[in-house]
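Here's a quick Q&A on one model, covering its ligand site and its helix packing. Have a look first, then read on.

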Amino acid sequence: MPENEWDPDDYDEGHGFVAEYGADVVGLLAPQPGERVLDLGCGTGTLTAAIADSGVDVVGIDAAESMVEQARESYPDLTFEVADAREYEPNGAFDAVFSNAALHWVPDEDHDAVLAMVDEALADGGRFVAELGGRGNVSRVENAVRAELADRGYDADSPWYFPSVGEYAPRLERHGLEVTEAVLFDRPTELEGGESGLREWVEMFGDELLDGVSEAERTAILDGVEGRLRPDLYDPETGRWTADYRRLRFVARKA
Ligand code: BEZ
């Protein structure tokens, strides 16, 4: 599923806010002791472990082998599998499927395969609780990268899918998942890494946008992106960048 190159140490140490904000989504899941939960796109397993702490039997899946290796090393008592959500064959019924900051890596045209899998995985009455980047997510950052690419004759497909509520809720419903909550909201997100936080974010999460760009041009593009965004997204007092995150968060139940 994700084509991004993932460095699990860098992901945990330099971008820990992903799991910190994800704690809210675990709160929305409200895992109950004795439940079975599937964590779709579990990354390095931080939230899988938080879910397991509620006395839940949880299985974490992720398409990136490096992430799953790190998750297994950090949480040897938990179950993690390398699996593409589009092709995953669930073993038994789950009370809930959970996903944080992963579904936006699935291309638009592949969401029906993922939602069919979620429907198959859920027991009757089971819930799908998820958050992903929503319409307009990181658009200022993406537009700045695209403008710098265009100045050098490059173009790039978007590596992400950021749907609106109006677009995603009907997709859930078509797969037998009744939407009980869905909200799109701005969540400006302070990046880690101080002065170099924005370029580190682009290199970690937007690497595919820079595919085929030479090392020298990559540096020039990142300098240019910083120049374009500094007036609005950099705070000289704190020395930190804030990215224009927007989240789509929903709860849907299998009828
Ligand atoms: C997000 O969590 O919204 C996100 C992460 C990486 C790239 C794009 C969006």
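First, a bit of vocabulary: axes are lines fitted to C-alpha atoms, for helices over the stretch in contact, and angles run from 0 to 180 degrees between N-to-C directions. Keep in mind that this is a predicted model.

Q: At roughly what angle do the axes of helix 6 and helix 9 cross?
A: Helix 6 covers residues 139-151, and its axis comes within 9 Å of the axis of helix 9. The crossing angle is roughly 140 degrees.

Q: How does that make helix 6 lie relative to helix 9?
A: Angles over 145 degrees count as roughly antiparallel, and 65 to 115 as roughly perpendicular. The roughly 140 degrees between helix 6 and helix 9 fits neither class, so the pair is oblique.

Q: What is the handedness of the crossing where helix 8 passes helix 9?
A: Helix 8 (residues 197-205) and helix 9 (residues 215-233) have axes that come within 10 Å and cross at roughly 125 degrees. That makes helix 8 oblique to helix 9. As for handedness, the crossing is right-handed.

Q: How far apart are the axes of helix 5 and helix 7?
A: Helix 5 (residues 111-121) packs on helix 7 (residues 165-174) at about 45 degrees, and the two are therefore oblique to each other. Their axes are 9 Å apart.

Q: Which residue has a polar side-chain atom 2.5 Å from an oxygen atom of the ligand?
A: The residues around the ligand include His104, Trp105, Asn137, Tyr245 and Arg247. Asn137 has a side-chain N or O atom 2.7 Å from a ligand oxygen. The 2.5 Å distance belongs to Arg247.

Q: How much of the ligand's accessible area does the protein cover?
A: The shell around the ligand divides into seven nonpolar residues, three polar and one charged. On its own, the ligand has 260 Å² of accessible area. The protein covers 97%.

How values were computed: Residues numbered from 1 in each chain as written. Predicted model: local features only at pLDDT ≥ 70, side-chain atom pairs only at ≥ 80, totals over all residues. Heavy atoms only, no water. Near = heavy atom within 4 Å. Polar contact = N/O pair within 3.5 Å; in protein donor to acceptor, adjacent residues only side chain to side chain. Areas by Shrake-Rupley, 256 points an atom, 1.4 Å probe, with all protein chains shown as cover. Nonpolar A, V, L, I, M, F, W, Y, C, P; charged D, E, K, R; others polar. Helix = DSSP H or I, 4+ residues; strand = E, 2+ residues; numbered from the N terminus. Parallel < 35°, antiparallel > 145°, perpendicular 65-115°, else oblique. Left-handed = near helix turned anticlockwise from the far one by under 90°.
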